[in-house]
Every structure is written in structure tokens, then in C-alpha cells.
Amino acid sequence: MSKTVTFPQAITLPAIGQGSWYMGEDPSLRKKEIAALQAGLECGLKLIDTAEMYADGGAEQVVGEALSGRRDSAWLVSKVYPWHAGEVDAIEACERSLSRLKTDYLDLYLLHWRGSVPLEETIRAMETLQQQGKIRQWGVSNFDIDDMHELWQEAGGNACATNQVLYHLASRGIEYALLPECQQRQIPLMAYCPLAQAGRLRRDLLHNGALNQLAQQKGISIAQLLLAWVIRKEGVIAIPKASSVAHVQENAAALNVSFSSEELATINQQFPPPTGKLPLDVV
Ligand code: NDP
């Protein structure tokens, strides 16, 4: 069965979306990137993740072009730099993102990582953006469990809709505390680098004998195995970046891959779950 994830406000989405880091950097790839994003939407990969940071706004422009005439078919996420996350600056940063994305609202707006602006100020800015109809929901990214506890203690902090964090087979630290607590609070996690692009161990993953054998037995690619593994748990959505239609279609098919407990045990032998609290991995 095709896996889904439910965000607050009863928004249910396919558990794989699309990333956009590095899009918009090379004009010669622009058409290909747009075609990949549109193919992803057609395969049901509804969530598109971008940020003012990516290609200095260029990725948002690519996404905006991909969404021309089909804005409502996507669930659009962008992110604000921590140094733009103050009460006034965040409004202006969001307006610039909206203009590059050629839309008048974001479905979700995230604080990209924690900076020196007090959380309280960022929450007020997010609430203002919601009241103005510029964003539907807000969340955070790269917050470890202690940051989440601080956030939840702030007035309005419980409205945080998600935390976008690094999660892939070779980086399982969030399974110890962050993931279980977010699951318990029904806050979905967005897994970035699900294919371990920025992770040190990508080569090890791709060339791991046991993983390759398992993928072969299941008739899937290693990329599909990695994605299906990331979304095997409740409340996790993976946002792989793919800039070809073939990759996007391959990734979408991973929504229907599941694992037996024996298969999961084999994977655990190669890449064991954490046995204690580890610092949150970031890119
Ligand atoms: P990913 O783990 O998604 O890896 C992307 C790489 O995998 C690309 O080189 C892509 O190649 C390749 N790829 C995609 N699909 C396949 C496939 N089926 N088979 C083989 N290779 C494939 O890394 P990202 O760093 O891009 O992370 C995903 C997204 O998460 C980002 O794009 C961004 O939106 C978000 N992110 C958020 C961060 C944060 O701090 N909040 C930090 C980092 C990422 P190709 O392009 O050629 O298809």
C-alpha cells in the first residue's frame, strides 16, 4: 500500500516528496529540473521542498516555473534563513520567496536552522504570516530534541507542524529520542538527504553487499531501498532531490515498497540503530 504522512490540519500527503537543493544553479539544466518536478507531481510526489538559500533564490524560481498553472497540485514548503527570522525580516523574506515562487501562499514555512533570533520572535513572525494568509503552517529544521523542548515551552510553540532533519540509513541518531517524541506528539519529521547525498557514507551504502543483495531479491534499486527504509516508520516523509524524470519515477515507486521483519533485521545488522543519544547530524 502506498505510504502517507499526516501533517497538522489533517493534511495527508504521500510519504515521499521532492527536494530542490542545487536546482537553479546551472541554466543549462533548468528545463530538465522543471520537467523532473512536474513529473514528480504527476506521480503523486506532492510535497516540494525549497529554501531562500538554494541557489540564492534560484531554486525557488525553478520551482515557481514548474508550478505555473498547477500551484494547487503541490504542497509547497520553503525555508527562512535564521538571520531573517525576526519579526519584521521574516515577513519580508517570505514575501521575496512568494514572489520568486510566483504564488501568494506557502503551505509550510520553516526556520532553516536555529540562529540568534529568539524563538519567541520567530513564532510571532510565523503567526503574523499565517494571519496574513501568506503561509498555512510553520515549522523548524535541524532542531535536536532539546531545541524542540525549548520550542514547545514557548507560547504558540506547540503549533510547530514539523521538524526537517537529516535522516538516512547511515545516520539513525534521531531514532533514539527525537523521532519517538515527535511521533508521540503526532508531529511528522521531514527526512532530508534520504539518499545520503551529503552524508559521508553514501559510497558505503551504494556498494554495501548485503543491501545490494536485498535490493536484488526485492527487485528494487538501492535508491528505492533507501527511500522505502526511511519512510518505513510512521510520521516520516522523505524529500529526495532528483533532477531527471527517470529518477523521480523510480523514487515514487518506493512508496509501495515494504519490508518484512527479517529484511529489517538484515538491514539493522549492517547499519545498527542507536543505543544512546547522539548529536543531531546536519549537512
Ligand atoms: P538526497 O539524499 O536527496 O540526494 C540527492 C542526490 O541523489 C542527487 O544527486 C540525485 O541525482 C540523486 N538521486 C535522486 N534520485 C535517485 C535515484 N532514483 N537513483 C540514483 N540517484 C538518485 O540529498 P539532498 O541533499 O538533495 O537532500 C534532499 C533535499 O532535502 C534537498 O534537495 C533539500 O530540499 C532538502 N535539504 C534540507 C536541508 C536542511 O538543512 N533543511 C539540508 C539538505 C537538504 P539527480 O539530481 O541527478 O537526480
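A residue counts as buried when its relative accessible area is under 20%. Cys 193, with a relative accessible area of 11%, is therefore buried. Keep that cut-off in mind, as it will come back several times on our walk through this predicted model.

Let us start with the whole chain. Its secondary structure comprises eleven helices and nine strands. For 283 residues, a compact globule would be expected to have a radius of gyration near 19 Å, and the chain's value of 18 Å agrees with that. Measured out along the principal axes, the C-alpha atoms fill a box of roughly 55 × 45 × 30 Å. Of the 283 residues, 53% are buried. The accessible surface comes to about 12300 Å², and carbon and sulfur atoms account for 48% of it. If you take the contacts between residues at least 6 apart in sequence, 78% of them join residues at least 24 apart.

Now to the charges. The chain carries 25 positive and 32 negative charges, and the mean positions of the two sets lie 6 Å apart. Side chains of opposite charge can pair when their charged atoms come close. How many salt bridges are there here? The count comes to 14, and a few of them deserve a visit.

One joins the side chains of Asp 107 and Arg 71, with 2.9 Å from N to O. This pair links distant parts of the chain: Asp 107 belongs to strand 5 (residues 106-111), while Arg 71 sits in the loop between helix 2 (58-66) and strand 4 (75-80), 36 residues away. Are these two partners buried or exposed? Both Asp 107 and Arg 71 are buried.

Another salt bridge connects Arg 114 with Glu 150, whose closest N and O atoms are 2.7 Å apart. Here, too, distant parts of the chain are brought together: Arg 114 is in the loop between strand 5 and helix 4 (119-131), Glu 150 is in helix 5 (residues 145-153), and 36 residues separate them. Arg 114 counts as partly exposed because its relative accessibility is 30%. Glu 150 is likewise partly exposed, at 39%. The pair also has company, since Arg 114, Asp 147 and Glu 150 are linked in a network of salt bridges.

Arg 172 and Glu 175 give us one more example, with their closest N and O atoms 2.8 Å apart. Both Arg 172 and Glu 175 are buried.

From here, turn to helix 9 (residues 222-230), which is mostly covered: eight of its nine residues are buried. Which residues of helix 9 are buried? They are Ile 222, Gln 224, Leu 225, Leu 226, Leu 227, Ala 228, Trp 229 and Val 230.

Ala 228 leads us on to Val 257. Leaving aside residues up to four places away in sequence, Val 257 touches Lys 218, Ile 220 and Ala 228. Val 257 lies in the loop between helix 10 (245-253) and helix 11 (261-270). With a relative accessibility of 14%, Val 257 counts as buried, because that value is under 20%. If you would like a sense of distance across the model, the C-alpha atoms of Val 257 and Phe 143 are separated by 29 Å, and the two residues are 114 places apart along the chain.

Pro 27 offers a contrasting loop position. Its place is between strand 2 (11-14) and helix 1 (30-42). Why does Pro 27 count as exposed? Its relative accessibility is 70%, and exposed means over 50%. From Pro 27 to Leu 98, the C-alpha atoms are 21 Å apart in space, and the residues are 71 apart in sequence.

Our last stop concerns the backbone. Most residues other than glycine have a negative phi. Gln 9 is not a glycine, yet has a positive phi of about 65 degrees. Gln 9 is found in the loop between strand 1 (4-7) and strand 2, and is exposed, with a relative accessible area of 52%. That brings us back to Cys 193, another non-glycine residue with a positive phi, in this case about 50 degrees. Cys 193 is also in a loop, between strand 8 (189-192) and helix 7 (202-206). As we saw at the outset, Cys 193 is buried, whereas Gln 9 is exposed.

Note on methods
Residues are numbered from 1 along each chain as its sequence is written. This is a predicted model: local features need pLDDT of at least 70, side-chain atom pairs count only at pLDDT 80 or more; totals for chains, interfaces and linings use all residues. Side-chain values use heavy atoms; hydrogens and water are left out. Helices (H or I, at least four residues) and strands (E, at least two) are DSSP runs, numbered from the N terminus. The radius of gyration is taken over C-alpha atoms; the globule rule is 2.2 Å times the number of residues to the power 0.38. Buried means under 20% relative accessible area, exposed over 50%, partly exposed in between (1.4 Å probe, protein chains only). Contact means heavy atoms within 4.5 Å. Accessible areas come from the Shrake-Rupley method with a 1.4 Å probe; for residues, only the protein chains shown count as cover. Lys and Arg count as positive and Asp and Glu as negative; His and the chain ends are not counted. The place of a charge is taken as NZ of Lys, CZ of Arg, CG of Asp or CD of Glu. A salt bridge is a side-chain nitrogen of Lys or Arg within 4 Å of a carboxyl oxygen of Asp or Glu.
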